[in-house]
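Biologist: Please take a close look at how one chain meets its partners in this model, and at the charged pairs that go with it. I would like cut-offs stated with each term.

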Amino acid sequence: MIGNILDNLRKIVPLVHCITNYVTVNDCANALLAIGGSPIMSDDIEDVRDITSICNALDINIGTLNTRTIGSMLESGKIANSLGHPCILDPVGAGASKLRTETAKKLIDGINFTVIRGNISEIKALALGAGAARGVDADAVDAVIEDNIDDAINFLRDFSKKTGSVIVVTGAIDLIVDENTAYAVRNGRPEMSRVCGTGCMLSAILPAFLCAADTPVSGALAAVCAMGLCGEMAFSENDGNSTYKTKIIDELYKLSGETLEKGAKYEVR
Amino acid sequence: MIGNILDNLRKIVPLVHCITNYVTVNDCANALLAIGGSPIMSDDIEDVRDITSICNALDINIGTLNTRTIGSMLESGKIANSLGHPCILDPVGAGASKLRTETAKKLIDGINFTVIRGNISEIKALALGAGAARGVDADAVDAVIEDNIDDAINFLRDFSKKTGSVIVVTGAIDLIVDENTAYAVRNGRPEMSRVCGTGCMLSAILPAFLCAADTPVSGALAAVCAMGLCGEMAFSENDGNSTYKTKIIDELYKLSGETLEKGAKYEVR
Amino acid sequence: MIGNILDNLRKIVPLVHCITNYVTVNDCANALLAIGGSPIMSDDIEDVRDITSICNALDINIGTLNTRTIGSMLESGKIANSLGHPCILDPVGAGASKLRTETAKKLIDGINFTVIRGNISEIKALALGAGAARGVDADAVDAVIEDNIDDAINFLRDFSKKTGSVIVVTGAIDLIVDENTAYAVRNGRPEMSRVCGTGCMLSAILPAFLCAADTPVSGALAAVCAMGLCGEMAFSENDGNSTYKTKIIDELYKLSGETLEKGAKYEVR
């Protein structure tokens, strides 16, 4: 199933509008090109209306949030909603600052996100109002592990009901949860957290998968498995994190539907 | 001839002021260092006057255009003009949004660009007012192919007469056209379009070549051949797009005047 | 000694707030992750108060200075000072424009920087008011060489007394100078200047070393030796500058305290 989604993505070449941070933006663009989509970055309020309209999907990432672009994000999200385009939110650093937490909440209030993707601390900050202590990385105490996986799913399901979005939490175990379905994905490697932007890249390719899938939850599952699997295939014990980053994007470029289908490690919960 | 231009560039080490987008800016800087120039990025209206003045050339790229920097672009362009420095415009996404199209036109009205470089859809949007449907990539229907190459040159020559700029259009076949001369370049590979920023990198190194050449059209020809040739030499069937990007910049670094002279594939039209 | 600082850094994983330029920001983030720290980038005045407070150290880099973020820099610096966090200034391009020179001076007036790190032309511009002619690179006439090394140290010592900061000047010979101590470091390679961002990366990892060291001057020494040594180990005659950049970050990732201790080439002056 998920292999077909990738094959379909490569056929339709979705054009994805990214309003994203300036730290990982180049990797997001190359990851999107690698997986078979086409990126366009635009964040000025005067520009985004037109750009959102000609695109097929929208990625909003608040990694270097500034007050200039909050209005652009809201405007783009509303247009994407009105056109029925998939749109996703990556609430980078929610919980780490009031501006990030409140902006993410405002975006969730004003836009119907198809998917919200973050680490567990970010999602907790949005769902519970708890503050994170480790900036843009998840707190160790929040980590999803075998022992608390069902609790985590129940928590995410509640947040999915409240928001109407598929909730994707990435970490040692990735979870994809909506009102009716939950998947746990066990692809990926811990070393991916030493590469800046693997989360952002996932959020950038996710909208392209959503364009190619029958349901948001299956599109999100395919994207999460793809990113994790490429992280596995790209890994070599002797590489540093910069070579590892290059190879992860290369693997996205070479990934076939068949390889994805065979390598995906997920289970329905 | 064009080999000598590169040799000369490496001798004079032109300092190039880039007002460019935040997506590909690092690759532009490293491409400029690779080819033998020296980059300086600056986009604040309070900063650009001084920076343009101490540089030898100017690159204006509207890839992540925002209203804050339009004034900086105009101001820098006028200073470059008054100092007789080469300056080039890369109208990324012209035709994809009203802001981009109108800003590119305003820049062309207010600044005498030595070279305007874009894909064929962007140039058509500026010359004819037509809108592009594929964001920052060229429309397939617009592509320059063997059958329409003379029509394309005539069209670009008219635009060159109107603007006073050398017009450079890159694609499967690259064209360099001014009032009196036209070159078609057949270097490069289709896979370069799967690497984010090959167009931006060309626009960043182009001003350095203009500093080193006797005429704008010969400088532009040398830059276009250099970029395409490096794209050929860097290519390997088994690489992904991220490794390919790294190797393209590496080839710019290693490129000698002699290799460029031998590898350039161009014809006068 | 300096090997232990790196070992300690990797144990404590310092969280470093970077207000930095958009040219090299991704490399700064990956360099920080490589060396064992954790980066968070944030530049909006509404965001930086919270972010500085949850971090352990601050890096301010004016490489793409704009008027929007000057207030953020001042605010973050004052908070870092009040919390006793190490903070460093990289005055990129001071001397190349009035805005850069005056902003760097204003930052030095308003913030107690633990370390100020630049090339010799930037530091001269700040200490003497002299203007640089080569943009973001050091002027050849200013270079620190064997013949003028003691004069340079005396000059930097005066600037250190005036500012209360450790002054770090990088170039062919690196100098680390405060009121009482001076080190000359002979690690590194000239080819590092053909890689965009090696200075910025050093400034990004420097605060993490300061968090792990007993004294600012020893932390700065360890960081400078680490960057230079990785530049040596990453170098291969046949590589271009893009591969070289990737390998420099990789070497930071793999660097052990023991290797740093053995490879560091420094002398007390």
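Modeller: The two interfaces of chain A come first, followed by salt bridges within the chains.

This is a predicted model, in which local features need pLDDT (the predictor's confidence in each residue, from 0 to 100) of at least 70, side-chain atom pairs count only at pLDDT 80 or more, and totals for chains, interfaces and linings use all residues. Residues are numbered from 1 along each chain as its sequence is written, chains are lettered from A and ligands numbered from 1 in the order in which they are written, and side-chain values use heavy atoms, with hydrogens and water left out. The mean pLDDT of chain A is 95, with 98% of its residues at 70 or more. For the complex the predictor gives an ipTM of 0.96 and a pTM of 0.97.

Between chain A and chain B, 30 residues of chain A and 31 residues of chain B are in contact (heavy atoms within 4.5 Å). The buried area is about 2500 Å², 49% of it from carbon and sulfur atoms; buried area is the accessible area (1.4 Å probe) that two parts lose on being put together, summed over both. Asn26(A), Leu33(A) and Tyr253(A) supply 21% of what chain A buries against chain B, more than any other three residues. There is one salt bridge between these chains (a side-chain nitrogen of Lys or Arg within 4 Å of a carboxyl oxygen of Asp or Glu). Asp47(A) forms a salt bridge with Arg100(B), with 2.9 Å between the closest N and O atoms.

Polar contacts link 16 residue pairs across the interface of chain A and chain B, both residues at pLDDT 80 or more. A polar contact is a pair of N or O atoms within 3.5 Å; within protein, one must be able to donate a hydrogen and the other to accept it, and residues adjacent in sequence count only if both atoms are side-chain atoms. On the side of chain A that touches chain B, helix H2 (25–35), strand E2 (38–41), helix H3 (45–54) and helix H10 (241–254) each supply at least two residues. Helices (H or I, at least four residues) and strands (E, at least two) are DSSP runs, numbered from the N terminus. H2(A) gives the most to this side, with six residues.

Against chain C, chain A puts 31 residues in contact with 30 residues of chain C. The area buried there is about 2500 Å², with 48% from carbon and sulfur atoms. One salt bridge is found across this interface, and Asp47(C) and Arg100(A) meet in a salt bridge (2.9 Å, N to O).

Over all chains the count is 45 salt bridges. Glu75(A) and Arg49(A) meet in one at 2.9 Å, N to O. This pair links distant parts of the chain, 26 residues apart, with Glu75(A) in helix H4 (residues 67–83) and Arg49(A) in helix H3. Glu75(A) is partly exposed at 25% relative accessibility, as is Arg49(A) at 36%; buried means under 20% relative accessible area, exposed over 50%, partly exposed in between (1.4 Å probe, protein chains only). Glu258(A) and Lys262(A) also meet in a salt bridge (3.2 Å, N to O). They are separated by about one helical turn because they lie four residues apart in helix H11 (residues 257–263) of chain A. Glu258(A) is exposed at 53%, and Lys262(A) is exposed at 68%. Finally, Glu146(A), Asp150(A), Arg186(A), Glu267(A) and Arg269(A) are linked in a salt-bridge network.
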